[in-house]
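Here is a short briefing to read alongside the model. Have the sequence and the 3D view open as you go.

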Amino acid sequence: MKFAVIVFPGSNCDMDLLTAVRDVLGHDAEYVDHRATSLEGFDAVLLPGGFSYGDYLRCGIIARFSNVMSEVVRFAQEGKLVFGTCNGFQILTEAGLLPGALRRNQSLKFISKPQKLIVSNANTAFTSAYQDQEEISLPIAHGEGNYYCDSETLAQLQANHQIVFTYKGNPNGSVSDIAGIINKEGNVCGMMPHPERAVEELLGSRDGLKLFQSMVAAYEERKLIEA
């Protein structure tokens with residue numbers, strides 16, 4: 001399985017994602033520049049955290065118009081796996097690949113700490129290696145991680161089991177404690193916490209590794225079905 005790690009001006013977690021997938025998970029991964037116009041040869045896309053384009057205007061909105069995002073949208077529409085963490089989550093909402101928006105933290109302060117989460121839905125392409133309602137710990141590092149959506153969208157997320165991670169002790173004011181969601185089709189996932197920063201014991205937790213293992217399992221299952 002080959003992963004594309006998209007790099008925008010201001011990305012700062014691209015190396016973390018590449019290292020997690022290539023060196024720990026043991027799968028191919030390459031950086032793809034924001035100016036690229038093709039994702040040919042890749043099986044999954046990863047959008048990293050950071051401050052794409054300096055977070056000018058608002059988080060993720062300029063990155064949403066990068067050349068490569070047209071390809072990411074096409075990639076997702078083909079049913080292939082797309083994952084975004086932190087700023088990557090913000091970009092996915094701005095691109096319309098995920099519902100809702102990310103606002104300033106309720107405290108109006110940047111938060112950086114280990115955070116306890118609950119796996120709200122373990123039956124997805126991004127969470128199958130976890131147990132349902134499993135408690136895990138992942139780092140968070142964001143100033144605008146307050147997930148918001150209207151009541152109608154929230155009801156749809158809940159009815160369709162699209163909420164995959166929730167905070168245990170809400171750090172930023174996100175509606176319904178939401179930390180991560182998937183799209184209706186189940187092949188696009190965004191979350192504010194950083195699983196790529198929790199893939200080895202040396203980092204304090206290996207809880208994030210299961211997300212990438214889940215992606216590999218989903219890819220292999222789809223490949224088997226298509227064969």
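The notes below go from the annotated site to a neighbouring topic and then to the nonpolar core.

This is a predicted model, in which local features need pLDDT of at least 70 and side-chain atom pairs count only at pLDDT 80 or more, while totals for chains, interfaces and linings use all residues. Residues are numbered from 1 along each chain as its sequence is written, and side-chain values use heavy atoms, with hydrogens and water left out.

**The annotated site**

- An unreviewed UniProt entry carries the annotation "active site" for C86, H194 and E196; its positions follow the numbering used here, feature names are shortened, and annotations may be inferred rather than shown by experiment.
- These residues are spread over 111 residues of sequence, yet they cluster in space, with a largest C-alpha distance of 11.0 Å.
- From this set, C86 and H194 help line the second largest pocket (on a 1 Å grid over the protein atoms alone, a pocket is an open set of points where a 1.4 Å probe fits, with protein on both sides within 12 Å along at least five of seven lines; lining residues have an atom within 4 Å of a point).

**H194 and E196**

- You will find H194 in the loop between β11 (188–191) and α5 (209–226), and E196 lies in the loop between β11 and α5 as well (helices, H or I with at least four residues, and strands, E with at least two, are DSSP runs numbered from the N terminus).
- H194 counts as buried because its relative accessibility is 1% (buried means under 20% relative accessible area, with a 1.4 Å probe and protein chains only).
- E196 is buried too, at a relative accessible area of 2%.
- The side chains of E196 and H194 are joined by a polar contact of 2.6 Å (a pair of N or O atoms within 3.5 Å, one able to donate a hydrogen and the other to accept it).
- Beyond four places in sequence, the contacts of H194 include C13, T85 and C86 (contact means heavy atoms within 4.5 Å).
- On the same footing, E196 touches C13, D16, L17, A20, T85 and F212.

**H142**

- H142 sits in strand β7 (residues 135–142) and is buried, with a relative accessible area of 2%.
- Among the residues it touches more than four places away in sequence are C86, Y167 and M192.

**The nonpolar core**

- The largest nonpolar core has 71 residues, of which F3, L39, F165, F212 and M215 touch the most other members (a core is a set of buried Ala, Val, Leu, Ile, Met, Phe, Trp, Tyr and Cys residues joined through side-chain atoms within 4.5 Å).
- Helix α5 gives the most to this core, with 7 residues.
- Leaving aside neighbours within four places in sequence, M215 has contacts including M1, F3 and F83.

Conventions. Buried < 20%, exposed > 50% of the residue type's maximum accessible area, 1.4 Å probe, protein only.
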